[in-house]
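This briefing is meant to be read alongside the sequence and the coordinates. It moves from the whole chain to the sheet, then to the helices and a few individual residues.

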Amino acid sequence: MEQVYLHQLNIGFCSACYGCRGTNTCVQKDDMEQLLQKMVEADVLVLATPVYFYSMDGQMKTVIDRTLPRYTEIRDKEVCFIATAAAEKAAMERTIDGLRGFTDCLPGAQVKGVIYGEGVYQKGEVEASPAFTESYRAGKSVR
């Protein structure tokens with residue numbers, strides 16, 4: 001199992017130039033090429049994001065957009081979502097809907113779970129939440 005922290009990667013925004021059409025390779029040369037290969041090869045994807053203004057963070061959205069050259073190769077994956085927010089679960093539903101919109105485009109993707117980290121505002125607060133234990137257990141069950 002590998003954890004990838006998007007904030008540590010250099011990934012530019014999709015410019016919708018469609019330079020990837022026919023080549024399955026983005027014209028941008030950054031960390032997305034290696035991340036996309038990992039996503040294609042993975043058995044399970046866990047998409048985790050803080051919730052900002054009822055949506056996923058910009059880094060997650062950028063990664064989703066940049067899968068364009070090869071998103072049809074990200075197939076038959078089990079997917080789990082984790083969202084954290086200062087607010088309650090209901091405030092995170094739009095975020096989860098956005099993540100589902102991505103997985104709806106992936107051939108054979110199956111959403112296996114959603115974990116809501118409610119009442120998480122400051123860095124580190126999640127460690128005291130039930131979502132932290134739930135995420136740990138879910139991760140241990142992945143084979």
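With 143 residues, the protein chain would be expected to have a radius of gyration near 15 Å if it formed a compact globule, and its value of 15 Å agrees with that expectation. The model is a predicted one. Along the sequence the chain follows the pattern α-β-β-α-β-α-β-α, which amounts to 4 helices and 4 strands.

**Overall dimensions and packing**

- Taken along the principal axes, the C-alpha atoms of the protein chain fill a box of roughly 45 × 30 × 25 Å.
- Of the 143 residues in the protein chain, 33% count as buried, while the area that the chain exposes comes to about 9,100 Å², with carbon and sulfur atoms supplying 50% of it.
- When contacts in the protein chain between residues at least 6 apart in sequence are considered, 73% of them join residues that are at least 24 apart.

**The sheet**

- The 4 strands of the open sheet are arranged in the order β2-β1-β3-β4, and their pairing is mixed.
- β2 (55-56) and β4 (110-117) stand at the edges of this sheet, and because each has a single partner strand, one side of each is left without a neighbour in the sheet.
- The antiparallel component is the pairing of β1 (residues 44-52) with β2, which extends over 2 bridges; in this part of the sheet, V51 stands opposite M56 of β2.
- β1 and β3 run parallel and are joined by 7 bridges, with P50 standing opposite T84 of β3.
- β3 also pairs with β4, again in the parallel sense and over 7 bridges, and here V79 is found opposite V111 of β4.
- β3 is mostly covered, since 6 of its 7 residues are buried.

**Helix α2 and its surroundings**

- Helix α2 (residues 58-66) contributes M60, T62, V63, I64 and R66 as buried residues.
- These buried residues of α2 pack against two helices, α1 (32-41) and α3 (93-104), and against the strands β1 and β2.

**The loop between β1 and β2**

- F53 is found in the loop between β1 and β2, and although F53 is not a glycine, it has a positive phi of about 50 degrees.
- With a relative accessible area of 81%, F53 lies over the 50% limit and is therefore classed as exposed.
- Y54 lies in the loop between β1 and β2 as well, and its phi, near 70 degrees, is likewise a positive value in a residue other than glycine.
- The relative accessible area of Y54 is 45%, so this residue is classed as partly exposed.
- The ring of Y54 has the charged end of R94 sitting over it, at 4.6 Å from the ring centre.
- As for contacts between rings, the structure holds 0 aromatic pairs.

**Buried residues outside the helices and strands**

- I11 has its place in the segment before α1, and because its relative accessibility is 17%, I11 counts as buried.
- Once residues up to four places away in sequence are set aside, I11 touches D30, D31, M32, L35, T62, V63 and R66; T62, V63 and R66 are also among the buried residues of α2.
- I11 and L35 are 24 residues apart along the chain, and their C-alpha atoms are separated by 9.5 Å.
- R70 is placed in the loop between α2 and β3 (78-84), and its relative accessibility of 15% lies under the 20% limit, so R70 counts as buried.
- Apart from its neighbours within four places in sequence, R70 is in contact with N24, L36, Q37 and V40.

Definitions and conventions:
Residues are numbered from 1 along each chain as its sequence is written. This is a predicted model: local features need pLDDT of at least 70, side-chain atom pairs count only at pLDDT 80 or more; totals for chains, interfaces and linings use all residues. Side-chain values use heavy atoms; hydrogens and water are left out. Rings of Phe, Tyr and Trp (its six-membered ring) pair if their centres lie within 6.5 Å; planes under 30 degrees apart count as stacked, over 60 as edge-to-face and the rest as tilted. A charge sits over a ring if NZ of Lys or CZ of Arg is within 6 Å of the ring centre and within 35 degrees of the ring normal. The radius of gyration is taken over C-alpha atoms; the globule rule is 2.2 Å times the number of residues to the power 0.38. Buried means under 20% relative accessible area, exposed over 50%, partly exposed in between (1.4 Å probe, protein chains only). Contact means heavy atoms within 4.5 Å. Accessible areas come from the Shrake-Rupley method with a 1.4 Å probe; for residues, only the protein chains shown count as cover. Two strands pair if DSSP finds at least two bridges between them.
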